[in-house]
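The following note sets out several points for a colleague who is beginning to read this structure. Please keep the sequence and the model in view while working through them.

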Amino acid sequence: MRGGRVTAVLEVVVLVLVALFLLQALQGDHPESSEVRGHLVENGSRETGALNLVTAIYLGYRAFDTLGETIVLLVAVTGVIYFAVPAGKGDDEEDHDTRSDLP
Amino acid sequence: MIWALICLIFLVGLWGVTRKANMVKKVMGLSIANSGIILLFVHYGSLSGTTAPIEGSGRAMADPLPQALMLTAIVVGVCVMALALVLVYRLYLRFGTLDMHRVELGAWKLHD
Amino acid sequence: MKKTTILDLISRKLAPFMLLFGLYLLTYGHMSPGGGFQGGVVIASGVILLFVAQGVEATASLFPFRSLSLLEAGAFLLLVAAGLAGLAAGAGFLGNPIAGVDVRMVPRASMILVYNVLIGLKVGAGISFMCMYLFREDR
C-alpha cells in the first residue's frame, strides 16, 4: 500500500493528538526539589572531592552508568566498522534479481 | 513559554519521522526529537536555581542530577544515530535508492 | 573532496587549538564545566576538521588507524582496571581507593581526574576512528 489519502489523514490526526497531549501535560508548575538534591548539593563535593557537582554525580555516585555508556560507545563503533563495507564484498547469500553491483 | 518551543521541536522531529519518505530524513527527524527531549529535561532541572552547579558560586545552584543523566542520554543518542545511518547506507548499496517505498517494493520482490 | 584555499588555511591554523581546548576540557573537568565526554568529542571534532579539509592520507600519517584503535581499546581496559583497583582496596567497584590517604599528599580528586582522562581518550579515539574509517576513499 503506497500511501494514499487515508494514511496521510491518519498521520496528521495522530500528530495533532500528540500535540494536544503534550500541551496539556507539560504546562503548569512542577515540584522543584527532592531530598536527593539537598544531599547532593550539601555533601557532593566533600565526599567525592570534585568541585563540579555534575562530575561528582556521574563519576562518584553513579559511576556504573558511565561504565555502561562507555560500553555502548564501544559496541556502536564496532558495529559501524563491521557494517561499513562496499557492495562488492558484502554478504551475498540470496539470489540476485535486484541490482547489487553498484559502485 | 520555553516548554511550548520544546514541544514544537519534538513535533517537528515526529513529523519528519512519519511524513518523509527519504530514509536519511527519517533518521534526522529522530535525532531532532531526541534533542528536544534532552532539552526538556535540562530545562525542568534548571528551574530550581540560577547558576551552574559548581561549588563556590554562592548563589542558588541549578539541579545537577538531570544534567548528569542527560550526558548519558546524549552519548547513547549519538551511538543510535551512527548505527541507523550506517544501516541506511547498506540499504542504499543493496537497493540503489533512498526512498522508503521503493526499498519496500524491492524487499517484497526479493521475498517472493 | 576539493581542497579550497580558505579551508586548507583555516584547518591548519585552527585544528591545534581545537585539540588543545578539548584537552583543557578533559583535565579541568572536576573544577569547571567539562569532563570526559565533552573533552573527548571536542578532540574528535578537531581530528574531523583535519581530515575533512586535508584528506584522510595526511591525517592518517598524524593519527594512524592502528594506534587509534589500540588507544580506544586500551583506554577501556584501563578504565575497567581502575575500577577493579577500587574493588581491591576495599571501596567497592569503581570506588575511590585512596579515600583514607592524607589529603595533603594526594588530592582526593585525582581518581576523578584519572577517570576523566581515560574516558576522554576513549571517546575521542573511538569517534575519530569511526569517522575517519567511513571517510576513506581507497576501498
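What percentage of the 139 residues of chain C count as buried?

1. The model is predicted. In chain C, 35% of the 139 residues count as buried.

2. The fold of chain C may be described next. Chain C contains 5 helices and 0 strands, and its pattern along the sequence reads α-α-α-α-α. Along the principal axes, the C-alpha atoms of chain C fill a box of roughly 60 × 30 × 20 Å. When contacts in chain C between residues at least 6 apart in sequence are considered, 71% of them join residues at least 24 apart.

3. The contact between chains A and B draws on 41 residues from chain A and 39 residues from chain B. On the chain A side, at least two residues each come from helix 1 (4–26), helix 2 (35–48), helix 3 (53–61) and helix 4 (63–83). Helix 4 of chain A provides the largest share of that side, 8 residues. Sorted by class, the side of chain A that touches chain B holds 23 nonpolar, 8 polar and 10 charged residues.

4. Chain A also meets chain C: 20 residues of chain A are in contact with 24 residues of chain C. Two elements of chain C, helix 4 (65–88) and helix 5 (110–134), give two or more residues to the side that touches chain A. Of these, helix 5 of chain C gives the most, with 10 residues. The class counts for this side of chain C are 15 nonpolar, 6 polar and 3 charged residues.

5. Which residues touch the most other members of the largest nonpolar core? They are Ile57(A) and Ile112(C), in a core of 49 residues. At least two residues of this core are supplied by each of the following: helix 3 and helix 4 of chain A, helix 3 (64–95) of chain B, and helix 1 (5–27), helix 2 (36–54), helix 4 and helix 5 of chain C. Helix 5 of chain C gives the most to this core, with 13 residues.

6. Ile112(C) merits a separate look. With its neighbours within four places in sequence left aside, Ile112(C) is in contact with Thr48(A), Gly49(A), Ala50(A), Thr55(A), Leu59(A) and Gly60(A), as well as with His30(C).

7. Another core, of 6 residues, lies apart from the largest nonpolar core. Among its members are Ile6(B), Cys7(B), Phe10(B) and Leu14(B).

Note on methods. Residues are numbered from 1 along each chain as its sequence is written. Chains are lettered from A and ligands numbered from 1 in the order in which they are written. This is a predicted model: local features need pLDDT of at least 70, side-chain atom pairs count only at pLDDT 80 or more; totals for chains, interfaces and linings use all residues. Two residues are in contact if their C-beta atoms, placed from the backbone, lie within 7 Å. Helices (H or I, at least four residues) and strands (E, at least two) are DSSP runs, numbered from the N terminus. Ala, Val, Leu, Ile, Met, Phe, Trp, Tyr, Cys and Pro count as nonpolar, Asp, Glu, Lys and Arg as charged, and the others, Gly among them, as polar. A residue is buried if 20 or more other C-beta atoms lie within 10 Å of its own, exposed if 12 or fewer, and partly exposed in between; C-beta atoms are placed from the backbone. A nonpolar core is a set of buried Ala, Val, Leu, Ile, Met, Phe, Trp, Tyr and Cys residues joined through C-beta atoms within 7 Å.
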